Amino acid sequence: MTAAALTLVLMATVALVAGVVYATSRARKARTEAMRLVARTMGFAFEETTTPAALGAFSLMEHGRSREGRNALTGRLGGRPATICDYRYVVQSGKSSHEVVQTIVVFTEALPGLPDFELRPENILHKLGAVFGYQDIDFESNEAFSTQYLLRGTDDEAIRRVFNSSVL
């Protein structure tokens, strides 16, 4: 390869990386501004970052490394203190890693009669885990819900009472 061709390939690579960094930065800023607007609309306080410790202790907070909350909205939902934020962590497998970002709602105060539970989109790993006993509360009355979501917690019966047909 000639020096000119090598220089061209190097310049194209640098331009591509710079473009990806720029696009990611713009998308992140747009998300922050959208969440800031939602906070204003809902009457919530807004912070660009929050710590996992401020969100509470539950199993999601144990996943990955480099954990952080972004675009945190804090206020009251249904009369209860709540935080809505984009929660981010990095999962590493061998030499590769990837970032997981999801929007979460954390109720920071227990409601009498409402059991602790986790609800999240179900993926193929959860389905495989069910074969080996990984907990997932399913509802024969609503296969669509049971297929799309992983629901689990310490008190199956109490959770089933909360997730009645109108909630599902």
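How many residues apart in helix α1 are R36 and E33, and what does that separation amount to in helical turns? They sit 3 residues apart, which puts about one helical turn between them. Keep that pair in mind while we walk through this model, which is a predicted one.

Let's start with the overall layout. The protein chain has 5 helices and 6 strands, and reading along the sequence gives the pattern α-β-α-β-β-β-β-α-α-β-α. The radius of gyration of the protein chain is 21 Å, well over the 15 Å that the globule rule gives for 168 residues, so the chain is more spread out than a compact globule. If you lay the C-alpha trace along its principal axes, it spans about 70 × 45 × 30 Å. Of the 168 residues, 30% count as buried. The accessible surface adds up to about 11,300 Å², and carbon and sulfur atoms own 60% of that. As for how the chain meets itself, take the contacts with a separation of 6 or more: residues 24 or more positions apart account for 50% of them.

Now go to the start of the chain. M1 is found in the segment before α1, the helix that covers 3–42. M1 is exposed, with a relative accessible area of 78%. Together with L6 and V9, M1 forms a nonpolar patch on the surface, and the three share about 350 Å² of accessible area.

Further along α1 we meet our opening pair again. The side chains of R36 and E33 meet in a salt bridge, at 3.4 Å from N to O. Why might two such side chains get together? Side chains of opposite charge can pair when their charged atoms come close. Both partners are partly exposed: R36 has 24% relative accessibility, and E33 has 43%. R36 has another partner too, as E48 forms a salt bridge with R36, with the closest N and O atoms 3.0 Å apart. That second pair links distant parts of the chain, since E48 is in strand β1 (residues 45–50), R36 is in helix α1, and they are 12 residues apart. E48 is partly exposed as well, with a relative accessible area of 46%.

A search of the whole structure finds 7 salt bridges, so there is a bit more to look at. Another one is between E99 and R88, where the closest N and O atoms are 2.4 Å apart. This pair also links distant parts of the chain: E99 belongs to strand β4 (residues 96–107), R88 belongs to strand β3 (residues 80–93), and 11 residues separate them. Are the two partners buried or exposed? E99 is partly exposed, at 41% relative accessible area, while R88 is buried, at 13%. The pair is also part of something wider, as salt bridges that share partners join E68, R70, R88 and E99 into one network.

Next, the interior. The largest nonpolar core has 10 residues in all: L55, L60, M61, A72, C85, Y87, Y89, V100, I104 and V106. Strands β3 and β4 are the elements that give two or more residues to this core. Pick out M61 and look at what surrounds it: leaving aside residues up to four places away in sequence, M61 touches P52, L55, G56, R67, Y87 and I104.

V106 is another core member worth a click. V106 lies in strand β4 and is buried, with a relative accessible area of 8%. With residues up to four places away in sequence again left out, V106 touches L55, F58, P81, A82 and T83. For a sense of distance, compare V106 with V91: the two are 15 residues apart in sequence and 22 Å apart in space, C-alpha to C-alpha.

Finally, have a look at the backbone in strand β2, which runs over residues 65–77 and includes S66. S66 has a positive phi of about 50 degrees although it is not a glycine. N71, found in strand β2 too, likewise has a positive phi, of about 55 degrees, without being a glycine. Their surroundings can be told apart by accessibility: S66 is partly exposed, with a relative accessible area of 40%, whereas N71 counts as buried at 3%.

Conventions. Residues are numbered from 1 along each chain as its sequence is written. This is a predicted model: local features need pLDDT of at least 70, side-chain atom pairs count only at pLDDT 80 or more; totals for chains, interfaces and linings use all residues. Side-chain values use heavy atoms; hydrogens and water are left out. Patches are made of residues with over 30% relative accessible area and no salt bridge: like charges are joined within 9 Å, nonpolar side chains (Val, Leu, Ile, Met, Phe, Trp, Tyr) within 5 Å. Accessible areas come from the Shrake-Rupley method with a 1.4 Å probe; for residues, only the protein chains shown count as cover. A salt bridge is a side-chain nitrogen of Lys or Arg within 4 Å of a carboxyl oxygen of Asp or Glu. Helices (H or I, at least four residues) and strands (E, at least two) are DSSP runs, numbered from the N terminus. Buried means under 20% relative accessible area, exposed over 50%, partly exposed in between (1.4 Å probe, protein chains only). The radius of gyration is taken over C-alpha atoms; the globule rule is 2.2 Å times the number of residues to the power 0.38. Contact means heavy atoms within 4.5 Å. A nonpolar core is a set of buried Ala, Val, Leu, Ile, Met, Phe, Trp, Tyr and Cys residues joined through side-chain atoms within 4.5 Å.
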